[in-house]
Amino acid sequence: MNITAIIVAAGRGLRAGGGLPKQFRPLAGTPVLLRTLAAFADHPRIDALILVTNPDDAETLAALDLEARFPGLRQVHGGADRAASVRAGLEAVETAGVLIHDAARPLVAADLIDRVIDALDSAPGAAPALPVTDALWTGRDDLVSGTRDRAGLFRAQTPQGFATAALRAAHLARAAQTDAPPAADDVEVARAAGLDVRIVAGDETNLKLTTGADFARAAKLLGDRVDIRTGNGFDVHRFGPGDGVILCGVRVDHDRALVGHSDADVGMHAITDAIYGALGAGDIGRHFPPSDPQWRGMASERFLDHAVALAAERGFRLSNADCTLICEHPKIGPHAAAMTKEIARILRIEEDRVSVKATTSERLGFTGREEGIAAMATVTLIAE
Ligand SMILES: Nc1ccn([C@@H]2O[C@H](COP(=O)(O)OP(=O)(O)OP(=O)(O)O)[C@@H](O)[C@H]2O)c(=O)n1
Ligand SMILES: C[C@](O)(CO)[C@H](O)COP(=O)(O)O
C-alpha cells in the first residue's frame, strides 16, 4: 500500500511559549520542523509528504526553503484546531494509506514508522502508544482526591496510520457533528466512526514538544543519539639544517630538522587540526597564530592539549585518532609504538584507540625528493 505522511504544523505552540511557534524553534541547532520532515522524507516507505501550515507562518516558512530541501513536498493551509488541519491535509492525499504526525514530535524513529505501516496490513488503523507505568490519581486543591486503575491505559503518540478513505470519511462525519467536543487525535475520530485501531509499541524518545522544558529533554536525547563527529587534518613542514625531527611527540635522529614556527611536529599538528575540524573550530593557525612570537619554538603538545580541552569543554570525548606520516626518511616503523603511546597520553585515551603509521610516496613529489614531511590525520569525537 502506498503511503502519504501528513505533518500537521499549523498550531501556535502556546504552551511551549518562546515567541516563535514551537515547530520553528531550533532544537540542537536545527528547526524542529526540518527534523520532523526529514524523518519522513528519508524513510523508504513514505511515498508522498504533505505539510499542513498556518497562513500566519508564511514568512518563517519561506526562510526554511522547504522546496529545495524536500523536493515534492506539498503544502496546504490548516484550520482552527488539529482536526481541521488534518482534514485539510487529507483532502490532498492521493495514496491508499496515510500517516498523520505532529510536527512537534521531531525525534520519531524509522522503526516506529515501520511498525505503524506494518500494522496497517491487518487493521484499518494503527498507532504507537506506551503503557502507563505511573500510579494515577485525581486531585483537587493540591490534594489527592482519588486513585485510578492504570491497567489497560496507554499514552498515545503519532504517527497514526489509516486507510485514507476510511479516515477521510470518519473526519467528515465528526466535523458534521457540530456538538461533538474537539477530538484529541485521529484515533479518537477513527474509533468514533467504528474503525479498529491496532496499538503498536511507541518509543519514549518520540516525545511531543509541549512545554519549554521538553526542548531540553529532546536536545539531550538527540545528543545521545546522533552527535558523533569526524575531522581530518593535513600538514606539511620542510626540511632545514639540524640533526633530528620531532614527530608525534618523539624525537628521532636524522641528518636534518623540520623547519617551523613551533617545534614543527607535523604529525601532532595534523591530529590537532583534525580535532578542531570535527568541532567546526577552525584550525591551529586560528588558535595559535604564527605571527604571535609567544608560540615560537613551542612544543606542539601545547596545541594538541588545547584542542582536546576544547573538545571536552564542548561536551565531546575522543574516540580514536589515526595519523599517517608521509616521508622517505627517517624510517618511522621503529618509533611508531613510542609515538602512539605519546599521542594516547596527550589525548587521554587508550593506546589501542591511536594509530601512528607511515608511508613513502614512492620517491614522487616533495616528500619523495625528501624536501619535507607531510602528515594526515582523522579523529572521531563522541558527544558525552
Ligand atoms: N490548529 C492546529 C493545532 C495544532 N496543530 C498541530 O498539531 C500538533 C500537536 O498539537 P499541539 O502539541 O497541541 O500543538 P499546538 O496546538 O501548537 O500547541 P498549544 O496547544 O500549546 O498551542 C502540532 O504539531 C501542531 O502544530 C495543527 O496543525 N493545527
Ligand atoms: C495527537 C497527540 O500527539 C497524541 O498524543 C496529542 O493528542 C496532540 O496534542 P495535544 O497536546 O493533546 O493537543
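A polar contact is a pair of N or O atoms within 3.5 Å. With this cut-off in hand, the surroundings of the two ligands in this predicted model can be described, beginning with ligand 1.

Ligand 1 is surrounded by 18 residues, the closest of which are Gly13, Leu14, Lys22, Ser85 and Lys208. Gly13 approaches this ligand through its backbone, where an N or O atom lies 2.7 Å from an oxygen atom of ligand 1, and because a polar contact requires a pair of N or O atoms within 3.5 Å, this pair falls inside the limit. Two lysines reach ligand 1 with their side chains: a polar side-chain atom of Lys22 lies 2.7 Å from an oxygen atom of the ligand, and an N or O atom in the side chain of Lys208 is 2.8 Å from an oxygen atom of ligand 1. On its own, ligand 1 has 570 Å² of accessible area, and the protein covers 87% of that area. Sorted by class, the shell around ligand 1 consists of seven nonpolar, four polar and seven charged residues, and the space that ligand 1 takes is the largest pocket.

The shell of ligand 2 is made up of Arg15, Arg82, Asp102, Arg105, Ala156, Thr158, Ala184, Asp185 and Lys208; by class, these are two nonpolar, one polar and six charged residues. Lys208 thus appears around ligand 2 and is also listed among the closest residues to ligand 1. For ligand 2, a polar side-chain atom of Lys208 lies 2.8 Å from one of the ligand's oxygen atoms, while an N or O atom in the side chain of Arg105 is likewise 2.8 Å from an oxygen atom of ligand 2. Ala184 takes part through its backbone, with an N or O atom that lies 3.3 Å from an oxygen atom of ligand 2. Taken alone, ligand 2 exposes 350 Å², of which the protein buries 72%. The space taken by ligand 2 is, again, the largest pocket.

Turning to the cysteines, the structure holds zero disulfides. A disulfide is a covalent bond between the sulfur atoms of two cysteines. For Cys248, the closest cysteine sulfur belongs to Cys323 and is 4.2 Å away, which is too far for a bond, because a disulfide requires a pair of cysteine sulfur atoms within 2.5 Å. The relation holds in the other direction, since the closest cysteine sulfur to that of Cys323 is in Cys248. Both residues are shielded by the protein: Cys248 counts as buried at 0% relative accessibility, and Cys323 counts as buried at 1%.

Methods
Residues numbered from 1 in each chain as written. Chains lettered and ligands numbered in written order. Predicted model: local features only at pLDDT ≥ 70, side-chain atom pairs only at ≥ 80, totals over all residues. Heavy atoms only, no water. Near = heavy atom within 4 Å. Polar contact = N/O pair within 3.5 Å; in protein donor to acceptor, adjacent residues only side chain to side chain. Areas by Shrake-Rupley, 256 points an atom, 1.4 Å probe, with all protein chains shown as cover. 1 Å grid on protein atoms, 1.4 Å probe; cavity = no way out; pocket = protein on both sides within 12 Å on 5 of 7 lines; lining within 4 Å. Sits in = over half its atoms within 2 Å of the grid points. Nonpolar A, V, L, I, M, F, W, Y, C, P; charged D, E, K, R; others polar. Buried < 20%, exposed > 50% of the residue type's maximum accessible area, 1.4 Å probe, protein only.
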